[in-house]
Amino acid sequence: MLSLILPTYNEAENIPDLLPKIRSVLKGIPHEVIIVDDDSPDGTWRIAQQIAHDLGDVHVIRRIGRRGLSSAVIEGFLSAKGDVLAVMDADGQHDVALLTTLHAAVAEHGGIAIGSRYVSGGSVGEWDERRYMLSRIATRMALALCAVKAKDPMSGFFAVDRTSFEEVLPRLNPKGFKILLDLLVHMPKTTPVTESPFIFATRRHGESKLSRRVQLEFLEYLYDVSFGNWIPLTFVKYCIVGGFGVGVHLTSYKLLSIFFAHGLPLTETGFSLALLGAIETAIIFNFWLNNLWTFAHAKLQGMGMVKGFLKYNLACGFGALANYAVSTYLYSYGLGEITSVIVGACAGIVWNYTMSRAFAWKNA
Ligand code: GDD
Ligand code: MN
């Protein structure tokens, strides 16, 4: 049996056209269709439920408070009954007629069958130069990591046999769009792969959900798979935020020192006030960006955010002490001035990161 998953977010206008087409193509194959909708504001789930009511082989999963293409697909696969699991865009961009080919390939050889834009006969259709280049670069980078090689590892149109999927399931990363890539990264090298060409059509209604955030998540994923075991991704993000924090610190120091100087030479008190103001501004900035990005998966809100912010301030205060202690200790032991300062700063960063995780963003 073939289980076809259609992940949807705001596809209310596309779903009614698509389902009859799928039905007629899959006439001869026992199948079920599972629509996984993330509570779309345009009510896709309601329209899908109405259709499901009329057709016996369509199911709708309406997820509340959840977002994400990969996680929707995984959830669909998990609730499927078939021994062949397939997925396609619900917006008319994927060629429905190819479903029988993908199904036949997996039913016969097992493994994965991909609807591919990058094998001969396939094409990305009417993409602008920018999206084409981005996709090519992303594909190159992704390929380096795949155990199982394919020409189009980023395709959203493929079928996989249940056993292969279940074997890698515990290692899958549900963030973002790259479900196929994630499967190819984790599957054994010997997994059979077939690729069949199709031409990526233009979206019928609505717009793409492949946002900048999804693109950033893709880069994070590449890092996580390649180096994440040595240096955790959250630490790298924390350091990047810290890097921007230095910029914020210097800029706000400059502005505050001008403000406190009143056009005269800066007094000692003026200097201290400007410095303290700059430090706190940098702390606020770092807290905000870490909460939004580094620890997005454990984001603090409301009162939790206020408490987290106070703990973060405390951690940074001790971090500054740790920095100071390490630097002066090393310097007193005859280490060079610059080396002492740098090693101390690194100690401060590691301290801040560890304390932030332990106290401010406890669930990270
Ligand atoms: N449930 C759910 N939740 N569905 C989602 C979400 C989400 O957060 N985000 C997107 N979808 C659904 C869309 O409604 C659509 O049916 C399908 O997933 C693909 O999303 P699109 O927004 O149409 O993506 P695209 O056409 O720009 O991107 C295509 O090409 C990429 C590679 O270039 C897709 O085929 C991607 O899967 C593919 O990685
Ligand atoms: Mn699409």
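How much area do domain 1 and domain 2 bury between them, and what share of it is on carbon and sulfur atoms? The points below work towards that and then turn to the ligand.

1. **The model.** Keep in mind that this is a predicted model. Its chain splits into two parts: domain 1 covers 2-227, and domain 2 covers 233-360. Their C-alpha centres are 43 Å apart.

2. **The buried area.** Here is the reply to the opening question. The two domains bury about 480 Å² between them. Carbon and sulfur atoms carry 59% of that area. On the domain 1 side, look at Arg213, Glu220 and Tyr223. Together these three supply 74% of what domain 1 buries against domain 2. No other three residues supply more.

3. **Who touches whom.** Five residues of domain 1 make contact with six residues of domain 2.

4. **Charge at the interface.** Glu220 deserves a second look. Its side chain forms a salt bridge with the side chain of Lys237, at 3.3 Å from N to O. The rule finds one salt bridge across this interface. It also finds two residue pairs in polar contact there, both at pLDDT 80 or more. On the side of domain 1 that touches domain 2, three residues are charged, two are nonpolar and none is polar.

5. **Around the ligand.** Now move to ligand 1. It has 26 residues around it. Which come nearest? They are Glu11, Asp38, Gln93, Ser208 and Lys209.

6. **Polar atoms facing the ligand.** Lys209 appears again here. One of its polar backbone atoms is 2.6 Å from an oxygen atom of ligand 1. Pro7 also uses the backbone: a polar atom there is 2.8 Å from a ligand oxygen. Arg67 uses its side chain instead, with an N or O atom 2.7 Å from an oxygen of ligand 1.

7. **Buried or exposed?** Taken alone, ligand 1 exposes 740 Å². The protein buries 97% of that area.

Notes. Residues numbered from 1 in each chain as written. Chains lettered and ligands numbered in written order. Predicted model: local features only at pLDDT ≥ 70, side-chain atom pairs only at ≥ 80, totals over all residues. Heavy atoms only, no water. Domains from an automatic or database assignment. Contact = heavy atoms within 4.5 Å. Buried area = accessible area lost by both parts, 1.4 Å probe. Salt bridge = Lys/Arg side-chain N within 4 Å of Asp/Glu carboxyl O. Polar contact = N/O pair within 3.5 Å; in protein donor to acceptor, adjacent residues only side chain to side chain. Nonpolar A, V, L, I, M, F, W, Y, C, P; charged D, E, K, R; others polar. Near = heavy atom within 4 Å. Areas by Shrake-Rupley, 256 points an atom, 1.4 Å probe, with all protein chains shown as cover.
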